[in-house]
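Student: I am new to this structure and would be grateful for a close look at a single part of it.

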Amino acid sequence: MRLCAKPPLPAATARSTPERLSPEQAAFWAAFLGSPAAPKDAEARFHSVFGVGSGSDEGAALILSGAKTATSSLPSEFTPGAAPVPGSLSLLTGANGRPLAVVETLSISLMTQASMGDDFIKAYAEWPDRDAFVRGMTEWYQGLDPDFTADSPLLAERFRVIWP
C-alpha cells in the first residue's frame, strides 16, 4: 500500500488557511496554538491539511511513531509558490480527516529517485530497500502522471512532528 503524504488535489493554488478547517480540525489547531509547542508565528506558517495516502491511519501511524520523516510530491501538485517551505506547519490527518498532529517542514528540494540517498529512503519508511522504493514510487506516481519515470523530478520533503 502506498502511503505517500499527498496535498489536496487539484493542485494547491495558494497556502491553505485555517478558515478551511473542519470544526474538529479547527479545534485541534486552536489547541496547538494554545500549547507551549506553538511558535509565536504559527498562524502565519500554516500551510495545509494532509493525509497519508488516502488518509489512512496506518500511514499516519508511521509519522506519529517517528519512523516516517520524509515524503515527496510531484511539482505539478502545487502551483508556483504554493509548495511547503522550511518552517511550514501542516495538520496531519488520519481516516475521515481526523486531526492527529502538527508537522513542520524541515527541508524541501527538487530530486529524482536516483538522487535520493539511502538515508532519505529509510526516512520515507515505506519500502525495505532502494529497488522496492523505486518500483513503488514509480507505480504510485505513474497513477498520477502516466509520463512519470524514475528520472522525473519530485519535491522531496523532510519533516518532524512538533505537536502533540
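In which strand is the place of serine 90, and what surrounds this residue?

Tutor: Please bear in mind that the model is predicted. Serine 90 lies in strand β4, which covers residues 89-93.

It helps to begin with the whole chain and then narrow the view. The protein chain contains five helices and six strands, and their order along the sequence is β-α-α-β-α-β-β-β-α-α-β. Of its 164 residues, 48% are buried. Among contacts with a separation of 6 or more, 78% link residues that are 24 or more positions apart. The chain exposes about 7900 Å², and 57% of that area comes from carbon and sulfur atoms.

Now to the strand itself. β4 pairs with strand β5, residues 99-111, in the antiparallel sense, and five bridges connect the two. Within this pairing, serine 90 stands opposite valine 103 of β5. The two strands form a hairpin with five residues between them, and in this hairpin asparagine 96 adopts a positive phi near 60 degrees. The pairing continues on from β5: strand β6, residues 154-163, runs antiparallel to β5 and is joined to it by nine bridges. One pair of bridge partners there is methionine 111 and leucine 154, the latter in β6.

Serine 90 itself is buried, because its relative accessibility is 6%, and the cut-off for a buried residue is under 20%. Leaving aside residues up to four places away in sequence, serine 90 touches His47, Ser48, Phe50, Ala101, Val102 and Val103. The list thus includes Val103, the residue that stands opposite serine 90 in β5.

Two other names on that list, His47 and Ser48, deserve attention. The side chain of serine 90 makes a polar contact of 3.4 Å with the side chain of serine 48. The side chain of serine 48 also has a polar contact with that of histidine 47, at 2.9 Å. Serine 48 therefore has side-chain polar contacts with both serine 90 and histidine 47.

Histidine 47 belongs to strand β2, which spans residues 46-52. Histidine 47 counts as buried because its relative accessibility is 4%.

To draw the picture together: serine 90 is a buried residue of strand β4; valine 103 of β5 stands opposite, and the side chain of serine 48 offers a polar contact.

Key: Residues are numbered from 1 along each chain as its sequence is written. This is a predicted model: local features need pLDDT of at least 70, side-chain atom pairs count only at pLDDT 80 or more; totals for chains, interfaces and linings use all residues. Side-chain values use heavy atoms; hydrogens and water are left out. Helices (H or I, at least four residues) and strands (E, at least two) are DSSP runs, numbered from the N terminus. Buried means under 20% relative accessible area, exposed over 50%, partly exposed in between (1.4 Å probe, protein chains only). A polar contact is a pair of N or O atoms within 3.5 Å; within protein, one must be able to donate a hydrogen and the other to accept it, and residues adjacent in sequence count only if both atoms are side-chain atoms. Contact means heavy atoms within 4.5 Å. Accessible areas come from the Shrake-Rupley method with a 1.4 Å probe; for residues, only the protein chains shown count as cover. Two strands pair if DSSP finds at least two bridges between them.
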